[in-house]
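Me: Please take me through the reasoning behind the labels attached to this model. I should like each term set against its cut-off.

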Amino acid sequence: MRSPHINRQQFTTAVVEVVESLGQDNSSNEVNLAKSIPSGGIETSQGTIYVSKPVRAGANKKLRAMISFSPRQSVFDISNERSGANEFRGFFTLFWISMFLLAVNTYIRSLETNGYPLSMEFGMKYMFAEDTIMLFLSDGILVLSTAICVPFAKAIQNGWIRYYWTGVILQHLWQTTVLFTAIQWTFTRHWPWVQSGYLTLHTLVMIMKMHSYMNINGYLAQVNEQARVTLAQLKRLTDAVGGWDEAVAAAESHRLAEACDDAPTNDTPMPVPVAMKSGESTLRKRTRSMSTRSPHLQPASTVNATQIITTGTRVLPASQVLKPGLHPLVDHPDESIASLAKEYSEYESELIGMGPEYVRWPNNITYKRFAHYMLVPTLVYELEYPMTDRIRPLYVFEKTVATFGTFALLYTVTESFILPLTPTADQSFLRSLLDLALPFMVAYLLLFYLIFECICNGFAELSRFADRQFYEDWWNAASWDEFSRKWNKPVHTFLLRHVYASSMSSYKLSRQSAMFFTFLLSAAVHELVMAIVTKKIRMYLFTMQLAQIPLIFVGRIPAIKKNKLMGNIIFWLGLYAGFPLLCVAYCAY
């Protein structure tokens, strides 16, 4: 993951520009209300923003893709006040009432025709077969096997394995072994397509989680090594000027002297900063002042406890919080010492979480923290995530009921409207597309809601994970690249950090080449899943995935890009046609 060095000032400016651009759509005053908070985030009218620090280590100069985690609610969460005030919220209620009426009508018709409200043939044959217990046991073994990541990270921490490149090779060998073992096991057990697809998809999720955990910890081991080397160099320089204590005292004296020189006198009017004259936003000024010094760890006992906030609703006492502070030698009059101290502080800041606990690597390498990471519904590893202060039992109950209710509706649609219309080679191709378009779209919407709203939110509540933005408003997408960014945020963030950004830094790919490589990998994985589910290789889905690339560039043509309505219509038509097209292709041909 090699990349050009980006200093803290450049990184902070980039973050501010992103935040300001987000606020321009609402009002010109919202972003100016932003301010830094003791928990390490940037508080805006849109919520608290936490952004991963730029990561680089010595000669390798690596950079992690910017991935932000902040306390956010999902769009369809009934406790989301912003969604509750949306003028289209009634359509959400209308959808569920319509689905309920559809289900009741289906049950009544089936009862009158067949003597039972709903056939369970599909469930008994494909979902709850005789080998279901073995499926659950296999899935449990898969989850337990991920615990090997902890001793792997410990081995790297202790220097028994160097992550670059021995650790990287071992990591990929292990991930490949897990994947092909799971695939072989599905064929050995002769599971039906639902069970085979479930185990394959869950295996891919576990592999992505393991990859991110081992990759980040392996990289931070190298950052820690560079920090130790830099600290040793710093100590040698301070020995030349009288020792560490003398250097710290000189730095403190120099800082106080500069503070006195910069302080205005009674006869001198306070100068107006150029930034204020030019109308620079409060967020930019605050963040620039923060960026001039690199944070270190120091106790926060001197800070007012009422000012120390967490991402939940409870306030932690100052004695329990470690607050990022300044390295004492950054103000030393000797430029070489000050520069080296700033470099060391940068390394240290990369090894410390974003709060509220400010965990420092390698204290994060424990089975307890790894188990929590496996429970958190994200595929990107961080030392810390924004957390809620408690688990709400009623919320867990709500999501549990919603999970089973949505699954019942999904089963009803599949059993009553999709399976009876399963296409064959002798049927009309266009008629099959027309018959299956609406049922597949309804099934897709229910499956999306089941996974990203019910299951992900349920696990987020159990793990106290505060960032619930598992999706964005993909239904408003005007292009396929916008859809790919918004509909599945966990996978998108993983691909952004560990595939897209990594391919650019490691292999010096251009943005277009990195995008093609990301789509190629994604298409290959999707086709792999279809091959396991259907027991045949046709490359239909692989081709359709790659076909999105030219469509993305077409969508970026200015004349088309400006017409959001036309882009959204084309997107929905493509989605409506895509699902039945895949069904007809894989079932009939």
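The exchange below concerns a predicted model and the grounds for several of its descriptions.

Me: What is the overall make-up of the protein in secondary structure and burial?
Reply: The secondary structure comes to 22 helices and 5 strands. Buried residues make up 45% of the 589 residues. The protein exposes about 30800 Å², and carbon and sulfur atoms supply 64% of that area. Of the contacts with a separation of 6 or more, 74% are between residues 24 or more positions apart.

Me: Why is Trp474 called buried?
Reply: Trp474 has a relative accessible area of 1%. Buried means under 20%, so Trp474 is buried at its 1%.

Me: How do you know that Phe483 belongs to the buried class as well?
Reply: The relative accessibility of Phe483 is 9%. The limit is again 20%, and Phe483 therefore counts as buried.

Me: What makes the pair of Trp474 and Phe483 edge-to-face?
Reply: The ring centres of Trp474 and Phe483 lie 5.9 Å apart, with 75° between the planes. Pairing requires centres within 6.5 Å, and planes over 60 degrees apart count as edge-to-face. Both conditions are met at 5.9 Å and 75°, so the pair is edge-to-face.

Me: Why is the pair of Phe88 and Phe91 called tilted?
Reply: Phe88 and Phe91 stand 6.2 Å apart, centre to centre, with 40° between the planes. Stacked planes are under 30 degrees apart and edge-to-face planes over 60. The angle of 40° fits neither class, so the pair is tilted. Phe88 and Phe91 are both exposed. By the rule applied here, the count comes to 38 aromatic pairs.

Me: Which residues touch the most other members of the largest nonpolar core?
Reply: They are Tyr213, Leu220, Phe483 and Leu575, in a core of 73 residues. Helix H8 (residues 193–239) supplies the largest share of this core, 14 residues. A second, separate core of 16 residues includes Met99, Ile418, Leu446 and Cys583. Beyond its neighbours within four places in sequence, Phe483 is in contact with Tyr444, Trp474, Ala477, Phe571 and Leu575.

Me: Why is Ile455 called partly exposed?
Reply: The relative accessible area of Ile455 is 33%. Values under 20% are buried and values over 50% exposed. Since 33% falls in between, Ile455 is partly exposed.

Me: What makes Ile455 eligible for a surface patch on the score of accessibility?
Reply: A patch residue needs over 30% relative accessible area, and Ile455 has 33%, so the accessibility condition is met. Ile455 forms a nonpolar patch of about 520 Å² together with Leu375, Ile391, Leu447, Ile451, Phe459 and Leu462. Helix H15 (residues 429–463) gives the largest share of the patch, 5 residues, and Ile455 is in H15.

Me: How do you know whether Tyr358 and Lys535 are buried or partly exposed?
Reply: Tyr358 has 4% relative accessibility, under the 20% limit, and therefore counts as buried. Lys535 has 41%, between 20% and 50%, and so counts as partly exposed. Phi of Tyr358 is near 55°, a positive value in a residue other than glycine; Tyr358 lies in the loop between H12 and H13. Phi of Lys535 is likewise positive, near 60°, and Lys535 is in the loop between H18 and H19.

Me: Where are the cis peptide bonds at Trp165 and Pro362?
Reply: One joins Tyr164 and Trp165, with omega about 10°, and Trp165 lies in helix H7 (residues 163–189). The other runs from Trp361 to Pro362, with omega near 10°; Pro362 is in the loop between helix H12 (335–350) and helix H13 (367–375).

Note on methods. Residues numbered from 1 in each chain as written. Predicted model: local features only at pLDDT ≥ 70, side-chain atom pairs only at ≥ 80, totals over all residues. Heavy atoms only, no water. Patch = residues over 30% accessible without salt bridge, like charges linked within 9 Å, V, L, I, M, F, W, Y side chains within 5 Å. Areas by Shrake-Rupley, 256 points an atom, 1.4 Å probe, with all protein chains shown as cover. Salt bridge = Lys/Arg side-chain N within 4 Å of Asp/Glu carboxyl O. Helix = DSSP H or I, 4+ residues; strand = E, 2+ residues; numbered from the N terminus. Buried < 20%, exposed > 50% of the residue type's maximum accessible area, 1.4 Å probe, protein only. Core = buried A, V, L, I, M, F, W, Y, C linked by side-chain atoms within 4.5 Å. Contact = heavy atoms within 4.5 Å. Phe/Tyr/Trp six-rings, centres within 6.5 Å; stacked < 30°, edge-to-face > 60°.
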